[in-house]
Amino acid sequence: GDMEAMHCRNLPFLAGSAVGFGLPYEAAVAAISGNAAKITGIDEKYGSIQTGKSATFFVSQGDALEIQGNRVTHAFIDGRPLLLENIQDQLYKTYMEKYGLGKP
């Protein structure tokens, strides 16, 4: 079907919800990192921060498992930084400046 990956972008927040219902925090983090890599068969290179593994990770202000406090500030795939700004961010900045509504 067309809906296999429908909620995968919300996986960290689903793990955070599970913490609210009693799942230990460390188990929730493992569910979206190391365990996910094991399930998909890529744990030799991904899923944890260890010597010899890919530098694929993100940095967040706030708790990465919380939907309201989470703000990803940096992300890397195989050690290469990702550009996190999108067209909506660019338009927001443009119009905030254009109409003098303060700095974004």
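Helices and strands here are DSSP runs, with at least four residues for a helix and at least two for a strand, numbered from the N terminus. Keep in mind that the model is predicted.

**Exercise 1. Work out the fold pattern: how many helices and strands are there, and in what pattern along the sequence?**

Step 1: count the elements. You get four helices and three strands.
Step 2: read along the sequence. The pattern comes out as α-α-α-β-β-β-α.

**Exercise 2. Put the radius of gyration of the protein next to that of a compact globule of 104 residues.**

Step 1: take the globule value. For 104 residues, a compact globule would come in near 13 Å.
Step 2: take the model's value, which is 17 Å.
Step 3: look at the spans. Along its principal axes, the C-alpha trace covers about 50 × 35 × 35 Å.
Step 4: check burial and contacts. Buried residues are 11% of the 104. Of the contacts between residues at least 6 apart in sequence, 24% link residues at least 24 apart.
Step 5: add the surface. About 8,200 Å² is exposed, and carbon and sulfur atoms account for 59% of that.

**Exercise 3. Find the buried residues of helix α1 and say what covers them.**

Step 1: go to residues 11-20, which make up α1, and pick out F13, A15 and G16 as buried.
Step 2: look down the axis. These residues sit on the same side of α1, because they cover an arc of only 155° around the axis.
Step 3: see what lies over them. The cover includes α2, residues 25-32.
Step 4: step just past the end of α1. There, G22 has a positive phi of about 115°.

**Exercise 4. Locate the nonpolar patch on the surface and place F58 within it.**

Step 1: list the members, which are F58, V72, I77, L82 and L84.
Step 2: take their accessible area together, about 400 Å².
Step 3: place F58. This residue belongs to strand β1, residues 57-61.
Step 4: classify F58. Partly exposed runs from 20% to 50% relative accessible area, so F58, at 43%, counts as partly exposed.

**Exercise 5. Track down the salt bridge: which side chains meet, and how exposed are they?**

Step 1: apply the cut-off, a side-chain nitrogen of Lys or Arg within 4 Å of a carboxyl oxygen of Asp or Glu. The count is one salt bridge.
Step 2: name the partners. K93 and E85 meet at 2.6 Å, N to O.
Step 3: check exposure. K93 has a relative accessible area of 37%, so it is partly exposed. E85 is at 31% and is partly exposed as well.

Technical notes. Residues are numbered from 1 along each chain as its sequence is written. This is a predicted model: local features need pLDDT of at least 70, side-chain atom pairs count only at pLDDT 80 or more; totals for chains, interfaces and linings use all residues. Side-chain values use heavy atoms; hydrogens and water are left out. Buried means under 20% relative accessible area, exposed over 50%, partly exposed in between (1.4 Å probe, protein chains only). The arc is that of the directions from the helix axis to the C-beta atoms. Contact means heavy atoms within 4.5 Å. Patches are made of residues with over 30% relative accessible area and no salt bridge: like charges are joined within 9 Å, nonpolar side chains (Val, Leu, Ile, Met, Phe, Trp, Tyr) within 5 Å. Accessible areas come from the Shrake-Rupley method with a 1.4 Å probe; for residues, only the protein chains shown count as cover. The radius of gyration is taken over C-alpha atoms; the globule rule is 2.2 Å times the number of residues to the power 0.38.
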